[in-house]
Amino acid sequence: MYDKSTFKIKSEPVILGLESSCDETAAAVIKGRKLLSSKIISSATEQAKFGGVVPEIASRAHTEAVDDVVKQAVDAAGIALKDIDAVAVTYGAGLLGALLVGLSFAKSLAFTLGVPLIAVNHIRGHLAAAYLVDETLKPPFISLLASGGHTAVLHVKNYTQFDVLGSTCDDAAGEAFDKVARVLGLEYPGGVNVERLAQCGENDVPLPKCTVKNSQTLQFSYSGLKTAVINYCHTARQKGAEVVKENVACSFQHAAVDSLVKKTVECAVERGVKIVTAGGGVIANGYLRQTLQEECAKHGLKLILPEKKFCTDNAAMIASEGLIQYLNGNFADLNLNAKAQIPLA
Ligand code: KG4
Ligand code: ZN
């Protein structure tokens with residue numbers, strides 16, 4: 001029987017990571033901090049027909065893909081199932097039906113193999129993606145997290161603890177990219193399409209910045225920026241003026257990204273922290289990557305930036321966070337349930 005108190009901890013375990021919180025069914029294998037494989041089967045093309053993620057379609061797609069994606073990851077890693085020392089799985093935050101597919105599969109696998117099950121918080125997975133880029137990376141560092149559900153600057157103090165230095169008080173950065181994409185008539189997934197359009201545009205539409213400072217913490221606000229884009233387009237159309245979509249996309253991208261980069265670097269400088277990392281889908285944005293690189297270089301900060309494919313949802317990051325939990329002996333019970341929401345801290 002599965003008894004989490006009996007598992008021995010190895011120093012360089014082989015961990016299978018599983019991710020199914022949204023529209024990507026993903027599996028990856030790591031050995032210690034070394035990435036052996038990472039595979040994704042996405043239902044994004046199917047979802048695009050509906051202009052966004054339909055939860056029921058996501059769950060069904062995960063059900064069809066999960067066995068295949070695990071097999072692909074195991075084969076590509078050159079291991080057998082019996083070599084796996086632990087199974088790490090996203091248990092939240094995300095779409096409940098989607099999460100339950102990965103979770104049930106991971107439980108069955110951990111039970112059958114007689115290895116620990118590890119519960120991973122998706123956003124902590126995004127944070128842990130940086131550990132796979134540089135095997136020597138150690139806290140403390142400052143991390144910028146920006147995805148469809150979160151926007152935050154963290155002071156990571158050790159492998160399990162961080163202070164939230166700033167976060168959004170309304171929409172997440174990725175959510176704003178997706179909403180602006182819709183206003184501009186772009187297809188799902190929105191963020192990357194806004195970036196494509198922005199590449200041919202000028203930053204000439206006056207838009208508000210996305211930071212708000214309150215008394216204790218730094219806060220980002222995206223809803224005002226989103227509304228300003230909507231109002232600009234609406235007013236221009238009412239006047240019969242042409243809306244140059246490329247310029248709106250480019251101006252929005254500057255307004256959405258510049259404050260994130262500036263504040264992240266300021267936090268590192270103010271706290272005397274020399275390393276900056278980043279994670280989450282918005283960090284795949286080329287303009288953000290370039291400005292973050294330039295600003296970090298200007299201030300003598302070392303930047304650890306995961307490749308674009310490890311910024312958007314993947315299972316390598318889940319295995320990476322799984323390793324941290326594994327080394328702490330933090331194993332889950334088999335009655336682990338999925339959670340739609342998990343607080344960041
Ligand atoms: O981390 P992620 O893949 O899923 C969540 O955990 O939410 O992030 C998805 C978000 C979406 O809102 C998407 O529009 C945004 O990341 N995103 C981008 C880019 N690629 C993905 N935003 C701006 N530029 C991109 N290239
Ligand atoms: Zn994500």
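**Close-up 1. Protein donors of the zinc ion (ligand 2).** In this predicted model, the zinc ion (ligand 2) has as its protein donors the NE2 atoms of His 122 and His 126 together with OD of Asp 313, at distances of 2.0 to 2.1 Å. Along the chain, these donors follow the spacing H-x3-H-x186-D. His 126 belongs to helix α4 (residues 122-133), whereas Asp 313 lies in the loop between β12 (302-304) and α10 (316-327), and this pair, 187 residues apart, links distant parts of the chain.

**Close-up 2. Burial of two zinc donors, His 126 and Asp 313****.** His 126 counts as buried because its relative accessibility is 1%. Asp 313 is likewise buried, with a relative accessible area of 16%, a value that falls under the 20% cut-off for burial.

**Close-up 3. The largest nonpolar core and its contributing elements.** This core holds 51 residues, of which Tyr 222 and Phe 252 touch the most other members. At least two residues each are supplied by β6 (141-146), α5 (173-183), α6 (190-198), β10 (218-220), α7 (223-238), α8 (245-271), β11 (275-279) and α9 (286-298). Helix α8 provides the largest share, amounting to 12 residues.

**Close-up 4. Surroundings of Tyr 222, and a second core.** When neighbours within four places in sequence are left aside, the residues in contact with Tyr 222 include Thr 151, Thr 168, Asp 170 and Asp 171, as well as Ala 172, Ala 173, Ala 176, Cys 210, Ala 256 and Leu 260. A second core, separate from the largest one, comprises 49 residues, among them Leu 18, Val 115, Ala 319 and Leu 336.

Methods
Residues are numbered from 1 along each chain as its sequence is written. Chains are lettered from A and ligands numbered from 1 in the order in which they are written. This is a predicted model: local features need pLDDT of at least 70, side-chain atom pairs count only at pLDDT 80 or more; totals for chains, interfaces and linings use all residues. Side-chain values use heavy atoms; hydrogens and water are left out. Donors are N, O and S atoms within 2.8 Å of the metal (3.2 Å for Na, K and Ca); water is not among the atoms, so sites may look incomplete. Helices (H or I, at least four residues) and strands (E, at least two) are DSSP runs, numbered from the N terminus. Buried means under 20% relative accessible area, exposed over 50%, partly exposed in between (1.4 Å probe, protein chains only). A nonpolar core is a set of buried Ala, Val, Leu, Ile, Met, Phe, Trp, Tyr and Cys residues joined through side-chain atoms within 4.5 Å. Contact means heavy atoms within 4.5 Å.
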